[in-house]
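Here are a few notes to go with your first look at this one. Have the model open while you read.

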Amino acid sequence: MMRICISIILILISGYTATAQSNSRDMLLVPDAIFDGVSKKLIRNSAVLVSDGKIAAVGAPESLLTDGVIRIDLSGKTLMPGLIDLHSHVLLHPYDETSWNDQVLKESWAERALRAGKHLKRTLEAGYTTLRDLGSEGAGYVDVGVRQALEKGVIPGPRLIVAGKAIVATGSYGPKGFAENVSVPLGAEPADGVDLIRVTRDQIGHGADFIKVYADYRWGPNGEAMPTFSIEEIRSIVETARSSGRYTVAHATTPESMRRAILGGVETIEHGSTGTREIFALMKEKGVAWCPTLAAGEAISQYQGWQKDVGPDPQRVRDQKQAFAAALDAGVIMCAGSDVGVFDHGDNAWELELMVEYGMSNHAVLKSATSINAELLHMQDRIGQIKAGYLAELIAVDGDPLEDISALRHVSFVLQGSNVVVGDAPE
Ligand SMILES: [Zn+2]
């Protein structure tokens, strides 16, 4: 009995020591080059010292390699801040596998949460260390629960910042098309007028990190997208959220709904695929950022039969190309948000490739996916840059992403705080 007790104690002690060692020893990451999240040029002959889950210093490798520091060789690779996607849906999976309606109406919340766990692991391994998740799409506050599981270390995944249920106008949003006497759950929470204040507060109370509002829906007389809320209604949501320290973002595709959302005070516009020069000029003036979700537009077009580079661009793709050029011309703050979930989780970098294809420089796109996205999350003092004092959420990619954006498809090292989640862990 005594012997068993002693060996259990020994196991506990050695187990504890091993964990403490791998978590507490400083690491020196020595790559070929560093993209720091901001600079136009890669930084050469530099290494990053990580201590206690944070970046302790950036400098010459020889000066930082002191006794007890573990050297991690990243030769041939570019070290950069972990990628950030500002528009994800971890509770959805590609619509060509299961339609959105069937996911909302037929999949249990348990199934959706378990799928989210798989999606999150894949996303982290693809180099994404933060996601802003834009609505649970009919799964209540399951996104809040998933975020809590991540925070407790129950499952691996990126940091998750969640919207909760999201707000839609009564009569808009789906699933739609059922007989009057059949009640189906909606993909978001309806509210109007003064009730928007109560619903905003209720969503905050249930754990929403920010508020998402749908400023339009395909409910025009011919099924076209038309605005939902008035400017005043949007403003009441924004002000209610703001007084609790939270911001609001808007799904908006038409110029008029974008205009109302901008004047109502939202911080980012999602989709905006038919935005005009005037609207983008207004966004520039008000400092409102745009998440174009190009990958989702191309994915949906492909599900509808479009073969890229074979058939002519469908209307949706022509629209988003035109809007993208207009937004670049106007100098709008571009965020990187893909609407992943419409397409495969882990394929988030597709958005960044398309941003380059549609006319942005590699440098501008990399900045969007790191330091600019961090700023839009109000976390610019902690993530999105390689800088002393910042959190050690770092990735290394094979090659030089400033030359070739598809280098982001070759993530061979991911560090999350003190844990190496992809690549060789320190001894
Ligand atoms: Zn979305």
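**Notes on a helix pair, a buried helix and two domains**

1. Let's start with a crossing: α9 and α11 cross in a right-handed way. The residues that touch are R277, F280, A281 and K284 on α9, with A326, A327 and A330 on α11. Sorted by class, that contact has 5 nonpolar residues, 2 charged ones and no polar ones. Do keep in mind that this is a predicted model.

2. How are these two helices set against each other? Helix α9 covers residues 277-286 and helix α11 covers 315-330; they pack at about 40 degrees, and their axes are 9 Å apart. Angles from 35 to 65 degrees fall outside both the roughly parallel and the roughly perpendicular ranges, so α9 and α11 count as oblique to each other.

3. Now have a look at helix α8 (residues 255-264): 7 of its 10 residues are buried, so the rest of the structure largely encloses it. The buried ones are S257, M258, R259, R260, A261, I262 and G264. What do they pack against? Their partners are the helices α7 (231-243) and α9, plus β12 (216-217), β13 (226-227), β14 (248-252) and β15 (268-271). Right after α8 comes G265, with a positive phi near 105 degrees.

4. Finally, zoom out. The domain assignment splits the chain into domain 1 (22-81 + 385-422) and domain 2 (83-376), with C-alpha centres 31 Å apart. Domain 1 puts 20 residues into the contact and domain 2 puts in 18. On the domain 1 side, β18 gives the most, with 3 residues. That side divides into 13 nonpolar, 4 polar and 3 charged residues.

Terms used. Residues numbered from 1 in each chain as written. Predicted model: local features only at pLDDT ≥ 70, side-chain atom pairs only at ≥ 80, totals over all residues. Axes fitted to C-alpha atoms, helices over the stretch in contact; angles between N-to-C directions. Helix = DSSP H or I, 4+ residues; strand = E, 2+ residues; numbered from the N terminus. Parallel < 35°, antiparallel > 145°, perpendicular 65-115°, else oblique. Left-handed = near helix turned anticlockwise from the far one by under 90°. Contact = placed C-beta atoms within 7 Å. Nonpolar A, V, L, I, M, F, W, Y, C, P; charged D, E, K, R; others polar. Buried ≥ 20, exposed ≤ 12 C-beta atoms within 10 Å, placed from the backbone. Domains from an automatic or database assignment.
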